[in-house]
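Subject: Structure handover

Dear colleague,

Here is the structure I said I would pass on. Please look through it alongside the notes underneath.

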Amino acid sequence: MEKIDQLVESLSKDAAVLQPAPHPLLLSLKWLAVAMAYLGVALAISGVRADLLQKFHQPWFAAELGLLFAILVTSALSAAVLAFPDMHQKRRTALAPLWLAGLFMLVLLNAWSADEPPAPMPMHGFECTLSILLLSLLPVAGIFYALRQFASTHQRWSGSIAVLFAFSIGALWLRLYEPTDSIIHLIEWHYLPLLGFSVAGWWLGKTLLKW
């Protein structure tokens, strides 16, 4: 009996102290802080469009930027919630980016109908998609690394939201930098690829977040 007590005491001393997992809100705020710092550095290097302050006086531009930022915020919170097996009993929070994405599409459609006469199309096209992709690679790697530290049971959905979070940073950067007002161009080369990348995240989540 004495040997058993000694064994239990020895095992209890050797046991590692487990740190409690952070609350999803704190986790998402940490990710957002890193994202905003990264965005700030990118804008400091590239600069912003010369007419940015004037553009904020246009309601549809302000609504577009506001909703794009809201998608960034809610996707960070959704990814943090999805990192936990029980989603912290916040299923509605996990689905919040979907509702905002739908509202974002409505804003783009209204901005398109209000674009009379249509703004001129820029000479480039695929270069915008490539720029968003390149700027988003580091955030994608970072958010997937962070999610792998947890035990998500919703790997596909987590992967899709994680990619949406990362690529929202790239899309926000390019919208603040590129002096383009053509809604057709934005939909075709900025936002539809963003949707496509998020769908690809569905497969990445299953591949990279399994445990």
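The notes below go through the core, one helix, a surface patch and a few single residues.

Please keep in mind that this is a predicted model.

Core

The largest nonpolar core contains 57 residues. Trp31, Phe165 and Tyr191 are the residues with the most contacts inside it. Two or more residues each come from α2 (24–46), α4 (59–82), α5 (91–113), α6 (126–147), α7 (155–177) and α8 (183–208). The biggest contribution is that of α7, which supplies 14 residues.

For Tyr191, leaving aside residues up to four places away in sequence, the contacts are Glu64, Leu68, Phe104, Leu108, Ala171, Arg175 and Leu186.

Helix α2

The end C-alpha atoms of α2 lie 32 Å apart. Its 23 residues should span 33 Å at 1.5 Å a residue, so the two values agree. Pro24, Leu27, Ser28, Trp31, Leu32, Ala35, Leu39, Ala42 and Leu43 are the buried residues of this helix, and they pack against α4, α6 and α7. Trp31 thus appears both in this buried set and among the residues with the most contacts inside the core.

After α2 comes Gly47, which has a positive phi, near 85°. Most residues other than glycine have a negative phi.

Helix α8

Two residues of α8 can be set side by side. Ser198 is in this helix and counts as buried, because its relative accessible area is 8% and the cut-off is under 20%. Not counting residues up to four places away in sequence, Ser198 touches Ser160, Val163 and Leu164. Ile184 also belongs to α8, but it is partly exposed, with a relative accessible area of 32%.

Surface patch

Ile184 is one of the residues that make a nonpolar surface patch of about 560 Å². The others are Leu103, Leu106, Leu109, Trp112 and Met121. Helix α5 provides the largest share of the patch, 4 residues.

Loop between α4 and α5

Phe84 sits in the loop between α4 and α5. Is Phe84 buried or exposed? It counts as buried, at 10% relative accessibility. Outside the residues up to four places away in sequence, Phe84 is in contact with Ala21, Pro22, Pro24, Phe150, Ala151 and His154. Of these, Pro24 is also listed among the buried residues of α2. From Phe84 to Ala146 the separation is 62 residues in sequence and 12 Å in space, C-alpha to C-alpha.

Loop between α5 and α6

Both Asp115 and Pro117 are placed in the loop between α5 and α6. The peptide bond that joins Glu116 and Pro117 is cis, with omega about -10°. Most peptide bonds are trans, which may make this one worth a look when you go through the model.

Asp115 is buried, with a relative accessible area of 16%. Its contacts, not counting residues up to four places away in sequence, are Asp181 and Ile183. Asp115 and Trp157 are 42 residues apart in sequence, and their C-alpha atoms are 35 Å apart in space.

Regards

Key. Residues are numbered from 1 along each chain as its sequence is written. This is a predicted model: local features need pLDDT of at least 70, side-chain atom pairs count only at pLDDT 80 or more; totals for chains, interfaces and linings use all residues. Side-chain values use heavy atoms; hydrogens and water are left out. A nonpolar core is a set of buried Ala, Val, Leu, Ile, Met, Phe, Trp, Tyr and Cys residues joined through side-chain atoms within 4.5 Å. Buried means under 20% relative accessible area, exposed over 50%, partly exposed in between (1.4 Å probe, protein chains only). Contact means heavy atoms within 4.5 Å. Patches are made of residues with over 30% relative accessible area and no salt bridge: like charges are joined within 9 Å, nonpolar side chains (Val, Leu, Ile, Met, Phe, Trp, Tyr) within 5 Å. Accessible areas come from the Shrake-Rupley method with a 1.4 Å probe; for residues, only the protein chains shown count as cover. A salt bridge is a side-chain nitrogen of Lys or Arg within 4 Å of a carboxyl oxygen of Asp or Glu. The expected span of a helix is 1.5 Å times one less than its number of residues.
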